[in-house]
Amino acid sequence: MTHTARRMFELLEPICLVTFFADECNEELAALGHRTYWDGYFASRAAPLGRVPAEVVHAAFYSFADGEVARHIPSAWETIPPEASVAARERGSAASLRRILGDGTADSPGLARAADLTAKAAMSAPMEGRVMYAGMRTLPVPSDPVARLWHSATMLREHRGDGHVAALVGARIGGTEAHVLSALAQGIHPAESFGRLHHLPKARLAAVMDGLRERGLVDADGRFTDAGRATGQRIEALTDELAAPPYDALSPAELDELITELEPITATLVAAGSR
């Protein structure tokens, strides 16, 4: 099932990425009154948790630097209810998928079947220790197949993300450190140039890199050591293992059917860059 979890991540992630890459979601959130992309991002993604303080969102999201969440939460909710933000996120994401896929695919029996099977998996996983996933589970599953596919894929993404956070905590890798490891795994050097890192204060980045060097995870040039590469691989392997339980709800035939139906959908989204 670890292989299955990795394959499903590859198939479902491009569905989720329209939320962040395509225009429609941002336009829906801006129309509500969110001033910036990040106001809308934090307000809509955190909305299933309720009106929690910035500290809770920071803990659940894990990967943002100190103070980044507090610039947007709770101020983004002061005039726009969380319920409105999460609804706008769903509308915009579904609209992006429909535009990219075209009505022929969006209205097809294959997509509807993929949405049903993805929802079956997404609604069956245990919630213990899965804060973001549990929040998504409180939301109603949309009746429209395109929106249902996005919603269910996003639920599974948050489930996987919760497990990834657990794997990072177990490996004593902080959020900013995780971005360094991710950048190096993608072949980005220096890691500090990575988009999730380059805007941070230089002193903060230097301290993170020094800490990774002291632990033997990166070398003097800021590249992976063997130990660092192995640590990253262990985290990814455990993330896959922890992401597997939802797919136990599907029979082997259903899983094969889901993969078959998702493959052309994902290929179209990948070709478009999910935008």
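Modeller: Before we start: helices (H or I, at least four residues) and strands (E, at least two) are DSSP runs, numbered from the N terminus. This is a predicted model, where local features need pLDDT of at least 70, side-chain atom pairs count only at pLDDT 80 or more, and totals for chains, interfaces and linings use all residues. Residues are numbered from 1 along each chain as its sequence is written, and side-chain values use heavy atoms, with hydrogens and water left out.

Colleague: Great. How many helices and strands does the protein chain have?

Modeller: It has 13 helices and 0 strands. Read from the N terminus, the elements run α-α-α-α-α-α-α-α-α-α-α-α-α. The radius of gyration (taken over C-alpha atoms) is 19 Å, close to the 19 Å from the globule rule (2.2 Å times the number of residues to the power 0.38) for 275 residues, so the chain is as compact as a globular protein of that length.

Colleague: What share of the residues is buried?

Modeller: Buried residues make up 50% of the 275. Buried means under 20% relative accessible area, exposed over 50%, and partly exposed in between (1.4 Å probe, protein chains only).

Colleague: And how many residues are in the largest nonpolar core?

Modeller: That core has 36 residues, and M8, L12, I15, L262 and L269 have the most contacts inside it. A nonpolar core is a set of buried Ala, Val, Leu, Ile, Met, Phe, Trp, Tyr and Cys residues joined through side-chain atoms within 4.5 Å. Helices giving two or more residues to this core include α1 (2–16) and α13 (252–272), while α9 supplies the largest share, 7 residues. Apart from this core lies another, of 23 residues, with A183 and L197 among them.

Colleague: Back to M8, what does it touch?

Modeller: Leaving out residues up to four places away in sequence, M8 touches Y247, L255, L258, I259 and L262. Contact here means heavy atoms within 4.5 Å.

Colleague: New topic: H179. Buried or exposed?

Modeller: H179 is buried, with a relative accessible area of 10%. It sits in helix α10 (residues 175–185). Not counting residues up to four places away in sequence, H179 touches S63, F194, R196 and L197.

Colleague: What about T154, where is it?

Modeller: T154 is in helix α9, and it counts as buried at 3% relative accessibility. With residues up to four places away in sequence not counted, T154 touches C16, R89 and M136.

Colleague: R89 is in α6, right? At what angle do α4 and α6 cross?

Modeller: Yes, R89 is in α6, and R89, S85 and V86 there meet A43, S44 and R45 in α4. The axes of α4 (residues 37–46) and α6 come within 8 Å and cross at roughly 100°. That makes α4 roughly perpendicular to α6 (65 to 115 degrees). Axes are lines fitted to C-alpha atoms, for helices over the stretch in contact, and angles run from 0 to 180 degrees between N-to-C directions.

Colleague: Which peptide bonds are cis?

Modeller: One cis bond joins I73 and P74, with omega about 10°, and P74 lies in the loop between α5 (54–61) and α6. The bond from H189 to P190 is cis too, with omega near 0°; P190 lies in the loop between α10 and α11 (202–214).

Colleague: And what is phi at Y62 and R172?

Modeller: Y62 has a positive phi of about 75° although it is not a glycine, and Y62 is in the loop between α5 and α6. Phi of R172 is near 60°, also positive. R172 is found in the loop between α9 and α10 and counts as exposed at 60% relative accessibility. Most residues other than glycine have a negative phi.

Methods
Parallel < 35°, antiparallel > 145°, perpendicular 65-115°, else oblique.
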